[in-house]
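Q: Please take a close look at one topic for a first-year student: the pairing of side chains with opposite charge. I would like one connected explanation, with each technical term explained where it appears.

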Amino acid sequence: MHFIDTHTHIYDEAFAGEEDLAVARAVEAGISKMILPDIDSQTREAMLALADRHEGTLFPCIGLHPTSVDAGWQNEMLQVENHLGRKIYAIGEIGMDCYWSKEFLQEQEEVLRIQLETASRMNLPAIIHSRESTELIIKILKDCAHLGLRGVFHAFSGSVETFRELSRTGDWYIGIGGVLTYKKASIAETVKQIPLERILLETDSPYLTPVPFRGKRNESSYIPHIAGRLAELCGTSLEEVAHTTTENAQKLFGI
Ligand code: NI
C-alpha cells in the first residue's frame, strides 16, 4: 500500500537535525511521496535543500503563506518570483488567515490574487490555506473563475455545502488530516458526503497530530492513521483509501 502526504512542513525547526530520519520513517510506513508547501523566505532555502536531497520523494512548492504577509510583503513576493524558475509542483501555501491577525487582511487578499494568477499562468495547482476566511476566499475564487484554477483546500473544515460551492469555482480537492481522528470533529460527518475522488491525505506536520499520537509532534509516517479513520467513516477499505487518494494526488500534482 502506498500513500502520499500532500502537506508536510518537514523542514520546520520542530524537526531540526531529524528531517532525514522523519523522511525515512515515512517511506518505511508506505508514504512514498510528500508534498512540501512553502511558507516564506525564512524557511525556503532549508525546504529546497531538503527536497533536493530527497529528489523523487519530496516535492517542493513555492508561495507566500498568508500569516507571513505583513508590511514587507512586496519584498517577500519578489523573492517568490525569483524561485519560480525552478521545478516546483504547486503554488502554495497561499490563502487567507483571519485567525492569527486581521491587521494585513487587504494585503493578504492582494497577495492571494497575485499568486492565483501565477498558478493559472504556470498551469500549476494551488494549495489553499483558509482559516476563518472560507467565505472571503470563495468570493475571490468566484472572481477568478476565468483563470481555470485547480488545487487543494488544505485542512478543509467546511460543510458539504461549502465544498459544493467551492467546486463551482474550479477543480478543487480537499485536504484531510489529523483533525478527522478527533472526537466530535464536524469534518467526520462531512467526508461521508464527499466523493473519495475529491479527497487528499495530509498531515500538516509538525501540527495537527492524529490520534493516538495527539499532543506529540506530527509527521508523515502517521498518514495511515488518518487513512484508517477515513476508511471507517466512508465504509470502505484502507486499500481503497490508499489507492484512490494516491491517484488523486498523482493527478493533481503531476507526480
Ligand atoms: Ni501548512
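**Salt bridges and their surroundings**

A: Aspartate 52 is a good place to begin, and this residue counts as partly exposed because its relative accessibility is 47%, where buried means under 20% relative accessible area, exposed means over 50%, and partly exposed lies in between (1.4 Å probe, protein chains only). Before going further, please keep in mind that this is a predicted model, in which local features need pLDDT of at least 70 and side-chain atom pairs count only at pLDDT 80 or more, whereas totals for chains, interfaces and linings use all residues. Residues are numbered from 1 along each chain as its sequence is written, and side-chain values use heavy atoms, leaving out hydrogens and water.

Side chains of opposite charge can pair when their charged atoms come close. A search of the whole structure finds 11 salt bridges, each being a side-chain nitrogen of Lys or Arg within 4 Å of a carboxyl oxygen of Asp or Glu. One of them joins aspartate 52 to arginine 86, with the closest N and O atoms 3.2 Å apart. Because arginine 86 lies in the loop between α3 (73–82) and β4 (91–97) while aspartate 52 belongs to helix α2, the pair ties together parts that are 34 residues apart in sequence; helices (H or I, at least four residues) and strands (E, at least two) are DSSP runs, numbered from the N terminus. Arginine 86 is itself partly exposed, with a relative accessible area of 29%.

A further salt bridge links arginine 113 with aspartate 143, and here the closest N and O atoms are 2.8 Å apart. Arginine 113 sits in helix α4 (residues 105–121) and aspartate 143 in helix α5 (residues 134–143), so this pair ties together parts of the chain that are 30 residues apart in sequence. Arginine 113 counts as partly exposed because its relative accessibility is 25%, and aspartate 143, at 39%, also counts as partly exposed.

Aspartate 171 forms a salt bridge with arginine 198, again with the closest N and O atoms 2.8 Å apart. This pair links distant parts of the chain, since aspartate 171 is in strand β7 (residues 171–176) and arginine 198 is in the loop between α7 (187–191) and β8, 27 residues apart. At 34% relative accessibility aspartate 171 counts as partly exposed, and arginine 198 is partly exposed with a relative accessible area of 21%. Salt bridges can also share partners, and in this way Glu109, Arg113 and Asp143 are joined into one network.

It helps to set these pairs beside another kind of link. The structure holds 0 disulfides, a disulfide being a pair of cysteine sulfur atoms within 2.5 Å. The closest cysteine sulfur to that of cysteine 61 belongs to cysteine 144 and is 19 Å away, which means that it is too far for a bond. Cysteine 98 is in no disulfide either, the nearest cysteine sulfur, that of cysteine 144, being 17 Å away. Cysteine 61 is buried, with a relative accessible area of 0%, and cysteine 98 is buried as well, at 9%.

As for the setting of these links, the protein chain contains 9 helices and 8 strands, and 56% of its 255 residues count as buried. Taken along the principal axes, the C-alpha atoms fill a box of roughly 45 × 40 × 30 Å.
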